[in-house]
Amino acid sequence: MPPTDSLNQLYRDLGWKPLSAHWAKAEIVLGFLAAALGFIGGIKLAMLPETSTPVWLWMAPVLLITLGGYLALAGHRSHLYQSNNRLAAYLAEIIRSQSHQPEKTP
């Protein structure tokens, strides 16, 4: 969704930079890929004989799953921030438009 004038004004007033929706989607996809690789790697390690698998080798799947989960959640959080920014800009525009209208007397 392209930024509107009210959203651009919100960013200017607060001194924020717009978040990239493409980067957020890439974080989610990369996170799911890393987690999937971690799960697949863990399954492959579990199928090896116990004597040939060093204990420290189990850290790779655990780290991939952890990193993948973090990236997916970070991308989701970025999407939530973008949505909240659009909502705040929309509400600010409504309040701004109502404050310029003269009050009606009954």
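Is Glu93 buried, partly exposed or exposed, and at what relative accessibility? In the predicted model described here, Glu93 has a relative accessibility of 37% and therefore counts as partly exposed. The side chain of Glu93 meets that of Arg96 in a salt bridge, with a separation of 2.9 Å from N to O, and the structure holds one such salt bridge. Both residues belong to helix α3, which covers residues 59-100, and they stand three residues apart, about one turn of the helix. Arg96, with a relative accessible area of 27%, is likewise partly exposed, since the intermediate class lies between the limits of 20% and 50%. Side chains of opposite charge can pair when their charged atoms come close.

The protein chain as a whole contains three helices and zero strands, and its elements follow one another from the N terminus in the order α-α-α. Of the 106 residues in the chain, 23% are buried. The chain exposes about 8400 Å², of which carbon and sulfur atoms supply 69%. When contacts between residues at least 6 apart in sequence are considered, 80% of them join residues at least 24 apart.

Helix α1 spans residues 5-14, and its buried residues are Ser6, Leu7, Leu10 and Tyr11. These residues cover an arc of only 145 degrees around the axis, and they therefore lie on the same side of α1. The face of α1 turned away from this buried side carries Asp5, Arg12 and Asp13, which are exposed. After α1 comes Gly15, for which the phi angle is positive, near 75 degrees.

Helix α2 comprises 27 residues, for which a rise of 1.5 Å a residue predicts a span of 39 Å; the C-alpha atoms at its ends are 39 Å apart, so the expected and modelled values agree. Along α2, the buried positions are occupied by Ala24, Glu27, Ile28, Gly31, Ala34, Ala35, Gly38, Gly42 and Leu45. A nonpolar patch on the surface is formed by Trp23, Val29, Leu30 and Leu33, which together present about 420 Å² of accessible area. Of these patch residues, Leu33 is found in α2, the helix made up of residues 21-47.

Contacts between parts of the chain distant in sequence are illustrated by Gln82, a residue of helix α3. Gln82 has a relative accessibility of 8% and counts as buried, because this value falls under the 20% limit. Once its neighbours within four places in sequence are set aside, Gln82 is in contact with Leu19, Ser20, Ala21 and Ala24. Among these partners, Ala24 is itself one of the buried residues of α2. The C-alpha atom of Gln82 also lies 8.1 Å from that of Pro18, although the two residues are 64 residues apart along the chain. Within α3, the buried Gln82 thus contrasts with the salt-bridge partners Arg96, which is partly exposed, and Glu93, which is also partly exposed.

How values were computed:
Residues are numbered from 1 along each chain as its sequence is written. This is a predicted model: local features need pLDDT of at least 70, side-chain atom pairs count only at pLDDT 80 or more; totals for chains, interfaces and linings use all residues. Side-chain values use heavy atoms; hydrogens and water are left out. A salt bridge is a side-chain nitrogen of Lys or Arg within 4 Å of a carboxyl oxygen of Asp or Glu. Helices (H or I, at least four residues) and strands (E, at least two) are DSSP runs, numbered from the N terminus. Buried means under 20% relative accessible area, exposed over 50%, partly exposed in between (1.4 Å probe, protein chains only). Patches are made of residues with over 30% relative accessible area and no salt bridge: like charges are joined within 9 Å, nonpolar side chains (Val, Leu, Ile, Met, Phe, Trp, Tyr) within 5 Å. Accessible areas come from the Shrake-Rupley method with a 1.4 Å probe; for residues, only the protein chains shown count as cover. Contact means heavy atoms within 4.5 Å. The arc is that of the directions from the helix axis to the C-beta atoms. The expected span of a helix is 1.5 Å times one less than its number of residues.
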